[in-house]
Amino acid sequence: ALRERIGGDAEKLAVGGQGPVPMALVTTSGSGLDPDLPVAAAQYQVARIAAARNISTTALQRLIEQNVQKPLIGPAVVNVLALNLALAEPLQ
């Protein structure tokens, strides 16, 4: 069942020409409430989110970059809550 769910989610999220869907977009933590995404997972969704939010991909890229956190250990991540709050504000 898990394999089928992940496969179905990957099909829905696939973007032509962008390679495979990042694993973080089709898996969840135990709680399902992940506060952060790997930078590649956020970048993979830029065109879709920009269209849904009616903003330019350049503006969205800038907001993603502004919300990247670099922990002491591990890879850089995008703070999804902070990014969504920034998207709710009028762009300057």
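Helices here are DSSP runs of H or I with at least four residues, strands are runs of E with at least two, and both are numbered from the N terminus. That numbering places N54 in the loop between helix 3 and helix 4. The model is a predicted one.

## Overall layout

The protein chain holds five helices and three strands. Read from the N terminus, the order of elements is α-β-α-α-α-β-β-α. The C-alpha trace spans about 45 × 35 × 20 Å along its principal axes. Of the 92 residues in the chain, 25% count as buried. Take the contacts between residues at least 6 apart in sequence: 40% of these join residues at least 24 apart.

## The sheet

The three strands form an open sheet. Their order is 1-3-2, and the pairing is antiparallel. Strand 1 (36–38) and strand 2 (68–69) stand at the edges. Each has a single partner strand, so one side of each is left without a neighbour in the sheet.

Strand 1 pairs with strand 3 (residues 77–79) over three bridges, in the antiparallel sense. D36 has its bridge partner in strand 3, namely N79. Helix 5 packs on this sheet and touches strand 1 and strand 3. The direction of helix 5 makes about 50° with that of strand 3.

## The largest pocket

The volume of the largest pocket is about 200 Å³. The lining consists of 13 residues, and those closest to the pocket centre are Q45, I49, V80, L83 and N84. Two elements give two or more residues to this lining: helix 3 (46–53) and helix 5 (80–88). By class, the lining has nine nonpolar residues, two polar and two charged.

## Residues in their settings

Which residues does L60 touch, leaving out those up to four places away in sequence? They are V46, I49, A50, I55 and L87. L60 itself is found in helix 4 (residues 57–66). Its relative accessible area is 1%; the cut-off for buried is under 20%, so L60 is buried. I49, one of the residues L60 touches, is also among the residues closest to the centre of the largest pocket.

N54 shows the opposite setting. Is N54 buried or exposed? With a relative accessible area of 71%, N54 is exposed. The backbone of N54 also stands out: phi is near 55°, a positive value in a residue other than glycine. Most residues other than glycine have a negative phi.

Two further residues count as partly exposed. I6 lies in helix 1 (residues 2–13), and its relative accessibility is 22%. Leaving out residues up to four places away in sequence, I6 touches V26 and T27. A47 belongs to helix 3, with a relative accessibility of 46%.

## Distances between chosen pairs

The table sets sequence separation beside C-alpha distance for three pairs.

| Pair | Separation in sequence | C-alpha to C-alpha |
|---|---|---|
| L60 and T27 | 33 residues | 24 Å |
| I6 and M23 | 17 residues | 9.1 Å |
| A47 and T58 | 11 residues | 9.9 Å |

T27 appears in two places in this account. It is touched by I6, while its C-alpha atom is separated from that of L60 by 24 Å.

## Drawing the parts together

Helix 5 has two roles in the description: it packs on the sheet, and it gives two or more residues to the lining of the largest pocket. Helix 3 also gives two or more residues to that lining. The loop that follows, between helix 3 and helix 4, carries N54. Helix 4 then holds L60, which is buried at 1% relative accessible area.

Note on methods. Residues numbered from 1 in each chain as written. Predicted model: local features only at pLDDT ≥ 70, side-chain atom pairs only at ≥ 80, totals over all residues. Heavy atoms only, no water. 1 Å grid on protein atoms, 1.4 Å probe; cavity = no way out; pocket = protein on both sides within 12 Å on 5 of 7 lines; lining within 4 Å. Points joined across faces, edges and corners; volume = space filled by probe spheres on them. Nonpolar A, V, L, I, M, F, W, Y, C, P; charged D, E, K, R; others polar. Pairing = 2+ DSSP bridges. Contact = heavy atoms within 4.5 Å. Axes fitted to C-alpha atoms, helices over the stretch in contact; angles between N-to-C directions. Buried < 20%, exposed > 50% of the residue type's maximum accessible area, 1.4 Å probe, protein only.
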